[in-house]
Amino acid sequence: MAEVPLAETPVVLFRRPRWRTLRRWLFCPPVIILALLLLGAVFAPQLARYDPLTPSPGEKLQPPSARHWFGTDPYGMDIFSRVLYATRTDLTVAVLSVLLGIAAGIPLGALAGYLGGWVDEALTRLTEVMQAFPQILFAMAVMAALGNNLVNLVLILAFLNVPVYLKMVRSVTLPLRESDFVLAARCAGHTTGSLVVRHIIPNTLVPVFSQFSLSCSYAVQMVAGLSFIGLGVKIPHPEWGSMISLGANYIVFGMWWPALFPGLATFLAAFALHDLGQRLRRSLLREAEG
Amino acid sequence: MRSPWLGPLLYILRRAAMIFLVLLGVCTVTFIVTRLLGNPVYLLVGQQANKEILDNMIHQMGLDRPLYEQYLRYLWAVARGDLGMSRYTFRPVLEDIRLRLPATFELVTAAMWLIVFGGVPLGVLAAARPRGIIARFAQFLSQLGVSMPSFWVGLLLIYFFFFRLHWFPAPLGRLADQIAAPPRVTGLLLVDSLLARDHVAFRSALGHLVLPAVTLALGSVPATLQITRTTLLQVLASDYIRTARAYGMPARAIYFRYALKNVVVPLITVLAMTFGYLMSGTVLVETVFAWPGLGLYAVDAMNHFDYEPIVGVVLLSALFYALAYLVADLVSFAVDPRIRAQ
């Protein structure tokens, strides 16, 4: 789960993609996995044969069968239905938190890179402080102090994502600041604010896009990990991490299904998002080299 | 004339000052989160306490004093190691941390060993034969490592190696129940049992350590592996390695005398980062294996609505992280003449 340190961020300006390249992306394995997960989430009510929240005391901890494809959990709830519904919670929380982090990180990074001076110095120091925090423990501390709920979970994960994008956008902005078109825009009478918004930020979006997928992979695992220890969602609410925690106590007795399937879903989502991000990065690097 | 010690000394002082600033920032953030955004009184007495009790508590905790005074008091308390009291162990947080730190330290150290002695050779071999079977295995391992949730991996390992194969003991703590712990010297069971020449305890401690250490290492080994692989690939593609090859220098000399040296500095930085990460990553792994370390302490505290132990563990982890970076800087400084020249 550790983040691999980023190499140089390539500067690639945005271009409208051709249909051929688009088709190649649409049919690569991670995109297919993500599409299946999304379909499962959207059509959960149609696909699930049981209500994800209704316990069935007579059917506790049933192994997978034709009736319950993924078996049942300690409350007798159908794991297949719950895994489907959980996709909604997990992907929403992960994607939303990364988007919020980006929304704050991009302007801050662009300002730090463009203005330089004490603004840059202060923001860089702040990111250093943020990165000294152990993320899971920090989330625990904040939620212990401010309240244990989903909204706070999203906000904390967003907060933890800000430094990543701040640093990335800053590093892309630095060479842009010296470029001719920025000089031209300044000569044309743009104020700093409009110049950053109109000319700097759009050109930082391509690398941000490939990092977005990697961050989401990490966020999915963070959400599951934090709810595994009881942060964010309350127990009956379908969520992968809390479902794994329900199954965790039964694994030593050889009942593998309550923990296996939600974990498999988490793994697939994280894997697909990470793989997609890596593919995007590689294609960006190729593009940057020519 | 300049003393030869002046340069390194100034460098160390500058790095130490940076670390100090980072730690001050960390304390400030925890102060803001716990005292400004959250209300510690509610956390301590619960929402339903009456006005009188609340006012009493507020006065007792000094929350009616001016903010800057509260802040300075907080910093002073942290600097003295006063991290508050735990409300469910009824001991000072620092005392609890001192009791539990060795367990986490032992686990993290074991995981670091696996990462260094597994990840680095794998990365080197993967770079030496980029299309070979080892390179593919390394790639596969990295993919799994970054996308498998560690706590889930731990559960799968427990299922196979405890329930199916019986290779390892039940995932309940550091030592089997029926075995007496060796006399506490360092708190690290492996070391203490060796000192006491207690082979039974040593075997049990080692057996309990393997699965959590592997679980913890798997998530963090990709970073080490990849930095070794990519740095080495870059170095091997460089002009001076090509020249060395053209001179007919044996491959072993090229690798060990020239190429691997360049991997050391980025590798040390990544290892410091990994160490800092593991201090946080142990929370989940310790929960899965009922490992009585700092992570489990924080989780227990959270379940008892006790926030001071969590903040204490956060501060300690940040300290470890900062120290790891300081050590990484100093080692890089000692190893790399290019940094010294600056």
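User: Which helices do the buried residues of α5(A) pack against?
Analyst: The buried residues of α5(A) pack against α4 (79–115) and α7 (150–177) of chain A, and also against α1 (6–37) and α14 (307–335) of chain B. Helices here are DSSP runs of H or I with at least four residues, strands are runs of E with at least two, and both are numbered from the N terminus. The model is predicted, so local features need pLDDT of at least 70 and side-chain atom pairs count only at pLDDT 80 or more, whereas totals for chains, interfaces and linings use all residues. Residues are numbered from 1 along each chain as its sequence is written, with chains lettered from A and ligands numbered from 1 in the order in which they are written.

User: And which residues of α5(A) are the buried ones?
Analyst: In α5(A), the buried residues are L123(A), M130(A) and A132(A), where buried is 20 or more other C-beta atoms within 10 Å of a residue's own, exposed is 12 or fewer, and partly exposed is in between, with C-beta atoms placed from the backbone. The helix itself covers residues 117–132 of chain A, and its 16 residues reach 23 Å from the first C-alpha to the last.

User: Switching to the interface, how many residues does each chain put in?
Analyst: Chain B contributes 55 residues and chain A contributes 40 residues to the contact, two residues being in contact if their C-beta atoms, placed from the backbone, lie within 7 Å.

User: Which elements of chain B are involved?
Analyst: On the side of chain B that touches chain A, the elements giving two or more residues are α1, α6 (133–147), α7, α9, α12, α13 (294–303) and α14 of chain B. Of these, α12(B) gives the most, with 10 residues.

User: What does that side look like by class?
Analyst: The side of chain B that touches chain A has 39 nonpolar, 16 polar and no charged residues; Ala, Val, Leu, Ile, Met, Phe, Trp, Tyr, Cys and Pro count as nonpolar, Asp, Glu, Lys and Arg as charged, and the others, Gly among them, as polar.

User: One more residue: where is L236(B), and why does L236(B) count as partly exposed?
Analyst: L236(B) lies in helix α9 of chain B, which runs over residues 199–236, and L236(B) counts as partly exposed because it has 18 C-beta neighbours inside 10 Å.

User: What is L236(B) in contact with?
Analyst: Leaving aside neighbours within four places in sequence, L236(B) is in contact with A127(B), I241(B) and A259(B).

User: And how are L236(B) and V221(B) placed, what separates their C-alpha atoms?
Analyst: L236(B) and V221(B) are 15 residues apart along the chain, and their C-alpha atoms are separated by 22 Å.

Definitions and conventions
Expected span 1.5 Å × (residues − 1).
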